[in-house]
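Hi everyone, thanks for coming. Today I'd like to walk you through one structure, step by step, so please have a look at it with me.

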Amino acid sequence: MSESTEPAGTGGLTTGEVARRLGVAPTTVRTWDQRYGLGPDRHTGGRHRRWTPADVARLERMCALTATGIPPAEAARLARETPAPASAPAAPPSVLPRRAPAPQAAPASRAGSGLRLGDARQECKGIARAALRLDAAALDRLLLDAIREHGLVAAWTEVIVPTLQAVGRKWESSGERYVEVEHFLSWHVSGALRRAAPDTAPDRPGASVVLACVPGDNHTLALEVLSAALAQRDIPVRMFGGALPVESLIAAVRRTGPAAVALWAQSRATASRPLAQHVAAMEWGVRGARRSPLVLTLGPGWSGRPAPGTARPHGLADAVQALEGLATR
């Protein structure tokens with residue numbers, strides 16, 4: 001039976017959807033199920049298979065472990081034995097961590113869209129409406145207007161992030177509905193960031209910044225906004241995007257000798273403290289004047305998992321400030 005014939009509304013993700021989220025083939029997911037017992041904890045009847053957040057987290061752990069070179073059988077054992085994180089609403093994708101805001105007394109606004117936006121800027125409401133209508137032209141215009149009006153950092157923090165969070169909450173509370181809205185909005189945000197960013201700054205030895213998602217993680221949007229913000233400040237950036245294998249990350253750092261490396265982890269299953277510490281301990285340069293990169297751990301996956309020898313900014317502005325000061329020394 002193909003994935004597209006499975007009935008909607010039964011809760012959880014299909015095997016095909018899980019495979020797309022992990023960046024692997026559906027046959028790989030099925031093999032891990034049949035060979036290593038990493039299948040969903042429950043069925044919805046018949047042959048229909050639905051994957052819960054806990055099931056997906058286990059597979060994310062499997063991806064992260066195999067990406068570090070651990071044999072699949074051993075990785076599967078470790079993935080099964082890793083306790084599931086405490087149940088809590090998942091952080092919406094691609095949002096840099098930030099300090100918790102003060103409680104808002106204002107009534108929640110739904111912007112005529114069914115999205116809870118709270119006491120949000122008016123721009124959030126317009127962007128939410130355009131995203132729900134799948135209105136590409138209007139969405140592009142509104143996103144670029146917000147960036148021009150407020151600047152990249154403020155537009156991200158005060159306009160784009162609240163809208164992404166509202167769409168994420170809507171998806172979480174509506175089964176498999178509104179996934180297309182989330183993908184649509186994320187794609188157009190990515191395009192707006194690229195259009196708003198200046199040309200890549202020329203490389204300066206020892207001043208560049210490496211940006212990458214850890215193995216098993218494909219949430220690149222927060223790194224894209226960080227890259228654009230650094231480009232605006234004439235800081236050389238090398239962006240490697242999603243799920244960079246360990247060996248490739250190490251090779252990139254050795255070849256470029258960056259001032260800093262920012263590692264994004266969306267989930268606790270992919271946040272590898274040994275990897276972050278290994279990168280932070282790397283050295284290059286002539287004897288007597290060796291240097292190491294500052295490693296920034298970004299994303300909700302690092303919450304409660306500090307990696308000694310690394311820095312954890314509280315949000316986009318903090319990350320930009322830290323990297324700007326380091327790269328201009």
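Let's start with strand 3 and strand 4, which is residues 294-298: these two pair in the parallel sense, over five bridges. To find your place, look for Ala260, which stands opposite Leu294 in strand 4. Before we go on, please keep in mind that this is a predicted model.

Now, what joins strand 3 to strand 1? Again there are five bridges, and strand 1, residues 209-213, runs parallel to strand 3. Here Ala260 helps us once more, as the bridge partner of Val209.

Let's move on to strand 2. Strand 1 and strand 2 are paired over three bridges, in the parallel sense. If you want a landmark, Val210 stands opposite Arg238 in strand 2.

Now we can put the pieces together. In what order do the four strands form the sheet? The order is 2-1-3-4, the sheet is open, and the pairing is parallel. At the edges we have strand 2, residues 237-239, and strand 4, each of which pairs on one side only. From one strand to the next, the twist averages 15 degrees.

What packs on this sheet? Helix 9, residues 221-232, does, and it touches strand 1, strand 2, strand 3 and strand 4. The direction of helix 9 makes about 165 degrees with that of strand 1. Then there is helix 11, residues 273-280, which lies across strand 3 and strand 4 and runs at about 155 degrees to strand 4.

Let's go back to strand 3 for a moment. Is strand 3 mostly covered or mostly open? It is mostly covered: five of its five residues, 260-264, are buried. As a reminder, in a regular strand the side chains alternate between the two faces of the sheet. You can follow that here: Ala260, Ala262 and Trp264 point one way, Val261 and Leu263 point the other way, and all are buried.

One last stop: empty space. Rolling a probe the size of a water molecule over the atoms shows where such space is left. How many cavities of 30 Å³ or more does the count give? The count comes to one, and the largest cavity has a volume of about 50 Å³. Among the residues lining the largest cavity are Arg21, Glu60, Asp217 and His219. By class, that lining has no nonpolar residues, five polar ones and three charged ones.

That's my tour, and I'm happy to take questions!

How values were computed: Residues numbered from 1 in each chain as written. Predicted model: local features only at pLDDT ≥ 70, side-chain atom pairs only at ≥ 80, totals over all residues. Heavy atoms only, no water. 1 Å grid on protein atoms, 1.4 Å probe; cavity = no way out; pocket = protein on both sides within 12 Å on 5 of 7 lines; lining within 4 Å. Points joined across faces, edges and corners; volume = space filled by probe spheres on them. Nonpolar A, V, L, I, M, F, W, Y, C, P; charged D, E, K, R; others polar. Buried < 20%, exposed > 50% of the residue type's maximum accessible area, 1.4 Å probe, protein only. Pairing = 2+ DSSP bridges. Axes fitted to C-alpha atoms, helices over the stretch in contact; angles between N-to-C directions. Contact = heavy atoms within 4.5 Å.
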